[in-house]
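Hi,

Here's the structure I promised to send over. Have a look at it first, then read on for what turned up.

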Amino acid sequence: MKDSQVRIRIPIHHPKEHRQASLAEEGSGSIATSLQKIKLMQQQPDTRGTLSGGVKPNRRITAMPSAVNSVDTALTIAGAAVHDTRAASPLQVPLPHLRPSAGRAPRWGNRRPWLPFAAMAGVLVLAMAVPALMAWPRQTAQPVPPSSRTAAPAAPSVTAKGETPVTRLPGVPPIPAVPAAPTRSVPVAAEPDVRVYVTSTGRTETLPLEQYIVGVVAAEMPPSFEGEALKAQAIAARTFIARRLLADDTSGAPAGADVTDTVKHQAYISKAKLTREWGHSGKSAELAKIQQAVRDTKDTIMVYEGKPITASFFSTSNGYTENSEDVWAKAVPYLRSVSSPWDKQLAPRYTETVTLSRQSVFDRLGLSRTAIAASTGGGRMPEIRILSKTEGHRIKKIEVGGSIFTGPEIRNKLGLRSAEFTWKAEGDLIAITTYGYGHGVGMSQWGANGMAKEGHTATQILLHYYTGISFAQASRILS
């Protein structure tokens, strides 16, 4: 029945009234009074226990537990605030409407509503940082070679005075101030050997390249020449053999040899002969001079477009050098005709006259008497007529007894010193005067000596006689 329902009156403090009472008490300036009131309120009987007797409350008291819990929470916080001696301001009780419901502990704290958002932000940052950390470059540990596994540990690096230690990022190796030396030194290319066929003994000598150059310079150029001329000769000789070694060219040499010791390749004096005939016969100073020139130019060669050149040379020019195509029928860009006026002034055999019989001339040129008689109208003297000359002022084309020859052909067949010559018939003899000595292509040795006497260096000498060349190291080219 509605009238028989038991009504229970429980004193409930309204939050607003409680707040006003607390503020009024605090306003009096006595903290002790507030404490006494709190104790009195705590001594009141717990009305929440009466609800367990099986009486079913009506709807008008459904908000009672919440209100009671709010009061208890307020008292607890107030008590904690009293004991917090760090607070410099008067006791302030938090507002009840900002607290959680009764029976539930605060999740994030009533004074830090930003914590949920900070946590979410931290999760997002971590989610983005994990892939970046996984992709971060790492310095992989190098395997230790078996021979060094028992080696002593490296001493820790010491920072020099005045230097600030640099903070390194994880996984990034430090950058050394000075480039570190390679773990293994790069092996230096071994000096190549040269196999020389010695015609006097019929045997092949094998010796290091630089020692071979000493023998070539001693055989090819007088030791009395200027030092810069000897250096130029050493570079030319080294370039000549380097080109053959690079191309594996053994043409003109017996099997098992790279070159011979004749002018067919390069003249050469063996080490034993140099020691025997130069070192013990008053020429030790000359030998030392040649050896010094070779040491000063060690490993240096001439190149054109990165390749060793055909470093041809000869003894004496007629005042000019020759274009290669006028001698060997092949144009070479660095073997061009240049002037060489020093030869005429210095070379002791700049001109030379040889006398040949008419019959000797016929035989050497392969001309028959019948052909010569027909071409000369039955005369005794064959007709000789120059048809053209080269840029180096040597004979290019010449007609002898009705047959046409080149200047180099006449020189080779008649054994002349040069392709520039004049002739004079004297009875049954022919006197032929030559100018210069050699084929005329490349460097003139007497011209090089003349340039050295004027103060030119070996480099300047070679750049004059070999057009457009540069210099390189033989070891790198041959390796």
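Is the crossing of α5 and α8 left-handed or right-handed? Turn the model until one helix sits in front of the other, and you should find that α5 and α8 cross in a right-handed way. Bear in mind that this is a predicted model.

Now for that helix pair in more detail. Two packed helices are described by the angle between their axes and the distance between the axes. Here, α5 packs against α8 (residues 284-296) at about 130°, and their axes are 9 Å apart. An angle over 145 degrees would count as roughly antiparallel and 65 to 115 as roughly perpendicular, so α5 and α8 are oblique to each other. On the α5 side, the contact is made by E210, I213, V214, V217 and A218, while α8 brings L287, I290, Q291 and V294. Sort the residues of this contact by type and you get seven nonpolar, one polar and one charged.

Next, the sheet. It's an open one with three strands in the order β2-β1-β3, and its pairing is mixed. β2 (203-208) and β3 (259-260) are the edge strands, each pairing on one side only. Strand β1 (residues 193-198) runs parallel to β3, and two bridges join them. If you want a spot to click on, try Y197, whose bridge partner in β3 is T260.

And how do the two parts meet? Helix α5 (residues 209-220) lies across β1, β2 and β3, and it runs at about 115° to β2. So α5 is a good place to begin your tour: it lies across those strands and also packs with α8.

Cheers

Terms used
Residues are numbered from 1 along each chain as its sequence is written. This is a predicted model: local features need pLDDT of at least 70, side-chain atom pairs count only at pLDDT 80 or more; totals for chains, interfaces and linings use all residues. Side-chain values use heavy atoms; hydrogens and water are left out. Two strands pair if DSSP finds at least two bridges between them. Helices (H or I, at least four residues) and strands (E, at least two) are DSSP runs, numbered from the N terminus. Contact means heavy atoms within 4.5 Å. Axes are lines fitted to C-alpha atoms, for helices over the stretch in contact, and angles run from 0 to 180 degrees between N-to-C directions. Angles under 35 degrees count as roughly parallel, over 145 as roughly antiparallel, 65 to 115 as roughly perpendicular and the rest as oblique. A crossing is left-handed if the near helix is turned anticlockwise from the far one by less than a right angle, and right-handed if clockwise. Ala, Val, Leu, Ile, Met, Phe, Trp, Tyr, Cys and Pro count as nonpolar, Asp, Glu, Lys and Arg as charged, and the others, Gly among them, as polar.
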